[in-house]
Amino acid sequence: MDKKYFYILPYDNVFLLPKEEISARLQSRFSRVKNVALSRDFPQGITVEIRERKLQGLWCPALEDGSLAPANDPQESPQLCFYIDEDGIIFEKAPIFSGAIFLKFLDERGNALRLGEPILPIDEFRKLIQFHQLLNQNLNISITEVILKKDGIYELYTNDHWYIILNEQNDAKITAENLSLALGFQIKKRASSLKYIDLRFGNKIFYKFR
């Protein structure tokens, strides 16, 4: 704001307000900021509206045995996790939480992701969140961890200590309906000893007991 346009006119003139530049700088400097809207408030005022990212869960790099990957920088904590928003965008470092405070995504794919990048294509991430919400609302099943594996395969671990296998092709609503049918008929009497249900193949459902 203390710069001058063509070295003559000050940027703090309401007519010369560089809205795009200010918005970009705020988003670059503050990772929690999702959107910035600036407007002129005549005669010499500025209105700034900031929308923060909505916390959706944690993303943690993991090894193939399911343990958290060590940090590259020895100055950091032994392991690193990051907050992600409703679109799966990484936006801030997070401490390691025990228990199911946040939905946790453990990434075994070995991807090197940075702040501001999505852990999955946004539409794919939203499908997983929608599936999680449908299970919670309709079946009283809570997902505590999602393991992102290679080749677009996901393992979703429930609070009842069994897990669901999905892939990137699954439709959230149809898959939730298939799960409901399987639990209501095929698995109902042995649900307490269930190990996993594989829902990757449409109406063909595979499952295994402990």
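**Exercises on a predicted model**

The count comes to one cavity of 30 Å³ or more in this predicted model. The exercises below treat this cavity, the disulfide and the salt bridges.

**Exercise 1. The cavity lining**

Determine which elements each supply at least two residues of the lining of the largest cavity, and how the lining residues divide by character.

*Solution.* Begin with the volume: the largest cavity has about 70 Å³. Next, list its lining, which consists of Glu-124, Lys-127, Leu-128, Phe-131, Tyr-154, Leu-166, Asn-167, Asn-170, Asp-171, Ala-172 and Thr-175. Then assign the residues to elements. At least two each come from helix 2 (122–139), strand 11 (163–167) and helix 3 (172–186). Helix 2 gives the most, with four residues. Finally, sort by character: five lining residues are nonpolar, three are polar and three are charged.

**Exercise 2. The disulfide**

Identify the cysteines that form the disulfide, and state which parts of the chain they link.

*Solution.* The structure holds one disulfide. The partners are Cys-60 and Cys-81, with their sulfur atoms 2.0 Å apart. This pair links distant parts of the chain, since Cys-60 lies in strand 5 (residues 55–61) and Cys-81 in strand 6 (residues 81–85), 21 residues apart. For the handedness, consider the torsion about the S-S bond of Cys-60 and Cys-81: it is about 115°, so the disulfide is right-handed. For the burial, the cut-off is a relative accessible area under 20%. Cys-60 is buried at 0%, and Cys-81 is buried at 2%.

**Exercise 3. Salt bridges between distant parts**

Of the 10 salt bridges in the structure, examine Arg-126 with Asp-87 and Lys-149 with Glu-108. Is each partner buried or partly exposed?

*Solution.* Start with Arg-126 and Asp-87, whose side chains meet at 2.6 Å, N to O. Arg-126 is in helix 2 and Asp-87 in the loop between strand 6 and strand 7 (90–94), 39 residues apart. Arg-126 is partly exposed at 43% relative accessibility, whereas Asp-87 is buried at 8%.

Proceed to Lys-149 and Glu-108, whose closest N and O atoms are 2.8 Å apart. Lys-149 belongs to strand 9 (residues 143–149) and Glu-108 to the loop between strand 8 (103–107) and helix 2, so the pair ties together parts 41 residues apart in sequence. Lys-149 is partly exposed, at 24%, while Glu-108 is buried, at 8%.

As a last step, look for shared partners: salt bridges of this kind join Lys-34, Arg-51, Glu-86, Asp-87 and Arg-126 into one network.

Terms used:
Residues numbered from 1 in each chain as written. Predicted model: local features only at pLDDT ≥ 70, side-chain atom pairs only at ≥ 80, totals over all residues. Heavy atoms only, no water. Disulfide = S-S within 2.5 Å. Buried < 20%, exposed > 50% of the residue type's maximum accessible area, 1.4 Å probe, protein only. 1 Å grid on protein atoms, 1.4 Å probe; cavity = no way out; pocket = protein on both sides within 12 Å on 5 of 7 lines; lining within 4 Å. Points joined across faces, edges and corners; volume = space filled by probe spheres on them. Nonpolar A, V, L, I, M, F, W, Y, C, P; charged D, E, K, R; others polar. Salt bridge = Lys/Arg side-chain N within 4 Å of Asp/Glu carboxyl O.
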